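User: Could you take a close look at one part of this model for me? I would like to hear about one helix and the loops and contacts around it.

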Amino acid sequence: MLLKKSRYSRNRNRWQSLFKPWHQVDLLLFLLPIAVSMFGGFMILSTELNQGQGKWVSHLSMASVGCLLALLIARTRYENLRQWHWFTFGATNASLIAVMAIGVSAKGAQRWISIGSFNVQPSEFAKIGAIITLAALLNKRTASTLPNFFRALAVTAVPWALVFLQPDLATSLVFGAIVLAMLYWANANPGWLILLVSPIVAAILFGISWPWSEPYILVEGIFFTPLGLIWSFVMGLLGWMTLPGKKFGIGGIGALSLNLLGGELGIFAWNNLLKAYQKGRITSFLNPEADPLGTGYHLIQSRIAIGAGKWFGWGPFHGPMTQLNFVPEQHTDFIFSAVGEEFGFMGCLVLLLVFCLICLRLLHVALTAKDNFGSLIAIGVLAMIVFQMAVNIGMTIGLAPVAGIPLPFMSYGNSAMLANFIAIGLVESVANFRPIKKY
């Protein structure tokens, strides 16, 4: 009897020593993305069942590589990244410059670098680089003062601009969401964050009727709409209340002027800077029926597929829209429509609940991290996943413009899959080296 107990004790100690490097990882945070990736591979198989392209095999293979990377990163101390954050920043920008010089162009954008038979998208990994860099900067100096606030913005503006110039408007929006969330977590004044995005809102409101009808002409060459003017004056009041120079109204005048300028620049950008396909993506979700065979086709077919699924769907490999390939790019940006058609409303609800659980675990790690650097990394990853999930699902059901943002762990895309698992690995490292036990 004593011999059996001794053998059991030795076996238990052997297993404990094997998993000791990961003794405090968040197991649920690790298992849920794997489950979503497997389900994504299954749905990709359904979208290409009659084509035999094998993208589902590539998807699952890259998820496996991502899992191994996440495990390796999780057992490595994330604090070491602090002293290398400028190297990370430099490598991030160098990769983005390289793609502009030697990258492969497709669909009006230059976003990929060919390495053998693989196309690498540096902008996906640039999001991770931006999170690490910004976390290191805000760990030294929080965003509670305007100099630190603008310092963080100036640093992250470099990779953001390089991504925007590819042009990759969708990924640049993800950068914006990451920066806003991390600045907020680093004690930035919420009013400053509102003022930061206010010129973009002003640009939309100034051209709210653009290009379907002419805006009001204030003076020759300058346009406005009532909504745009109201917004600008409200932002001027907010600037007066939250920015320095309250006695002389400098902050208020500056915020008002910035929003008026943003509105005019928005109209200029619409007419002169945005590509035709970008304009189509922005406007088609408002009225896809206006161009049912052009810019509105993707959205119309996606909504039909999701609606056809009703409560419980047609069943795996039986969705008519999916099996007959009526939804373009269904294995990438519109993978959620395949879920809606074949698994119905209940299948979509379960998938959303899984994503919510992933986000809750990310938030838990951020709250229990042993230092600000780890907490900021977790918040940056949380913002990245939440924004991509919300925009992707929103665009498939017609609540957001078709922005070309993949659904994390579900959509086909090798670079995105690796970047997502690297992000999970970083957060697991934060969890693994906490001074307290997870509960």
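Analyst: Happy to; here is a walk around helix H15 and the salt bridges just before it in the chain.

This is a predicted model, and H15 covers residues 372-396. Its 25 residues reach 36 Å from first C-alpha to last, close to the 36 Å expected at 1.5 Å a residue. Of those 25 residues, 21 are buried, so H15 is largely enclosed by the rest of the structure.

Now step back to the loop between H14 and H15, where Lys370 sits. Lys370 forms a salt bridge with Glu79, with the closest N and O atoms 2.5 Å apart. Glu79 belongs to the loop between H3 (55-74) and H4 (85-102), so this pair ties together parts 291 residues apart in sequence. Lys370 is partly exposed at 36% relative accessibility, whereas Glu79, at 14%, is buried.

Asp371 lies in the loop between H14 and H15 too, and Arg82 in the loop between H3 and H4. Their side chains meet in a salt bridge at 3.7 Å, N to O, so parts 289 residues apart in sequence are tied together. Here Arg82 is partly exposed, at 30%, and Asp371 is buried, at 17%. Shared salt-bridge partners also join Arg77, Glu79 and Lys370 into one network.

On the other side, H15 is followed by Gly398, whose phi is positive, near 90°. Phe409 is in the loop between H15 and H16 (414-432). Most residues other than glycine have a negative phi, yet that of Phe409 is positive, near 70°. With 2% relative accessibility, Phe409 counts as buried.

Note on methods
Residues are numbered from 1 along each chain as its sequence is written. This is a predicted model: local features need pLDDT of at least 70, side-chain atom pairs count only at pLDDT 80 or more; totals for chains, interfaces and linings use all residues. Side-chain values use heavy atoms; hydrogens and water are left out. Helices (H or I, at least four residues) and strands (E, at least two) are DSSP runs, numbered from the N terminus. The expected span of a helix is 1.5 Å times one less than its number of residues. Buried means under 20% relative accessible area, exposed over 50%, partly exposed in between (1.4 Å probe, protein chains only). A salt bridge is a side-chain nitrogen of Lys or Arg within 4 Å of a carboxyl oxygen of Asp or Glu.
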